[in-house]
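Trainee: I would like to take a close look at the cross-links in this protein, and I have the model open beside me. Could you walk me through them at an easy pace?

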Amino acid sequence: MAADPNSKPTSGAGGGLTVDECQNMIQRSLRTPTVKFLKENLEKSGCSVGSNFIKAVNCKGATAGGYVSGGGIIVCSNHMQFQDEVTQVVIHELIHAYDDCRAANLDWSNCAHHACSEIRAGHLSGDCHYKRELLRGFLKIRGHEQDCVRRRVMKSVTANPYCSEAAAKDAMEAVWDICYNDTKPFDRAP
């Protein structure tokens, strides 16, 4: 991920937010029920989420955000336009943080580990809700959610320098059932 944590607040490319605007939206996200729930469960799992855990930055490349083990969450302000997008990225990345916290041996360079967390984040965050898919131009009545999760897992895991496209696909297929059905900390998929 090519993000500059020392970014100055400037208008993002393509109509994105400034770092300050995005940081304000992150603060609003922290008050939503799902974000509060995930933060509480991170704390219960022994991982503290300090005031600087989630930060807005300008990013190079086409990524919306990311989680860095031991470093926290970044939201790419220059790729955000709306509050809902910011909240969605925060939720997605908090699921990665939760996975990192609860797994003693999670290795992000391991394609299967990475794929599992991406499957969970895609499934549990609402990234693949029907309305979001429709807005992205993917129109399918049945099976859209799993297709979306698979597509987004492949995009993320193939961006991992340790995972070729074939390794990413094999890893995703190998862990799909167990990871898709793992809804912790939720009782069921939201």
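Trainee: To begin with one pair, are Cys-59 and Cys-76 buried or exposed?

Mentor: Happy to, and please keep in mind that this is a predicted model. Cys-59 is buried, and Cys-76 is buried as well. These two cysteines are joined to each other by a disulfide, with an S to S distance of 2.0 Å. Cys-59 belongs to strand 2 (residues 54–60) and Cys-76 to strand 4 (residues 72–76), so their bond ties together parts that lie 17 residues apart in sequence. If you look along the S-S bond, you will find a torsion of -80°, and the link of Cys-59 and Cys-76 is left-handed.

Now let us widen the view. The structure holds five disulfides. Counting the bonded cysteines along the chain, the pattern reads 1-4, 2-3, 5-9, 6-10, 7-8. A disulfide is a covalent bond between the sulfur atoms of two cysteines.

Let us go on to a pair that connects two helices. Cys-116 is bonded to Cys-179 through a disulfide, S to S 2.0 Å. Cys-116 sits in helix 4 (residues 111–124) while Cys-179 sits in helix 7 (residues 165–180), so this bond ties together parts that are 63 residues apart in sequence. The torsion about the S-S bond of Cys-116 and Cys-179 is about -105°, so this disulfide is left-handed. As for accessibility, the cut-off for buried is under 20% relative accessible area. Cys-116 has 18% relative accessibility and therefore counts as buried. Cys-179, at 4% relative accessibility, counts as buried too.

Another link to find is the one between Cys-128 and Cys-148, a disulfide whose sulfur atoms are 2.0 Å apart. Cys-128 lies in the loop between helix 4 and helix 5 (130–135), and Cys-148 lies in helix 6 (residues 144–158), so the pair ties together parts that are 20 residues apart in sequence. The torsion about the S-S bond of Cys-128 and Cys-148 is -70°, which goes with a left-handed link. Both Cys-128 and Cys-148 are buried.

You may also come across Cys-22 while you browse. The closest cysteine sulfur to that of Cys-22 is in Cys-76, and at 8.4 Å it is too far for a bond. Cys-22 has 0% relative accessibility and counts as buried.

From covalent links we can move to charged ones. Side chains of opposite charge can pair when their charged atoms come close. The count here comes to seven salt bridges. One of them pairs Asp-99 with Arg-120, where the closest N and O atoms are 2.7 Å apart. This pair links distant parts of the chain, as Asp-99 is in helix 3 and Arg-120 in helix 4, 21 residues apart. Asp-99 and Arg-120 are both buried.

Arg-120 also forms a salt bridge with Asp-182, and there the closest N and O atoms are 3.4 Å apart. Asp-182 lies in the segment after helix 7, so to speak of reach, this pair links parts of the chain 62 residues apart, with Arg-120 in helix 4. Asp-182 is buried, as is Arg-120.

Over on another face of our tour, Arg-150 and Glu-173 meet in a salt bridge through their side chains, 2.9 Å from N to O. Arg-150 lies in helix 6 and Glu-173 in helix 7, so the pair ties together parts 23 residues apart in sequence. Going back to shared partners for a moment, Asp-99, Arg-102, Arg-120 and Asp-182 are joined into one network by their salt bridges. As for Arg-150, this residue is partly exposed, with a relative accessible area of 22%. Glu-173 counts as partly exposed at 39% relative accessibility. Arg-150 has a further neighbour to show you, for this residue lies over the face of Trp-176, at 3.9 Å from the ring centre.

One last stop is His-92, which you will find in helix 3 (residues 83–102). His-92 is buried, with a relative accessible area of 11%. Leaving out residues up to four places away in sequence, His-92 touches Glu-118, Ala-121, Gly-122, Ser-125 and Asp-127.

Conventions
Residues are numbered from 1 along each chain as its sequence is written. This is a predicted model: local features need pLDDT of at least 70, side-chain atom pairs count only at pLDDT 80 or more; totals for chains, interfaces and linings use all residues. Side-chain values use heavy atoms; hydrogens and water are left out. A disulfide is a pair of cysteine sulfur atoms within 2.5 Å. Helices (H or I, at least four residues) and strands (E, at least two) are DSSP runs, numbered from the N terminus. Buried means under 20% relative accessible area, exposed over 50%, partly exposed in between (1.4 Å probe, protein chains only). Contact means heavy atoms within 4.5 Å. A charge sits over a ring if NZ of Lys or CZ of Arg is within 6 Å of the ring centre and within 35 degrees of the ring normal. A salt bridge is a side-chain nitrogen of Lys or Arg within 4 Å of a carboxyl oxygen of Asp or Glu.
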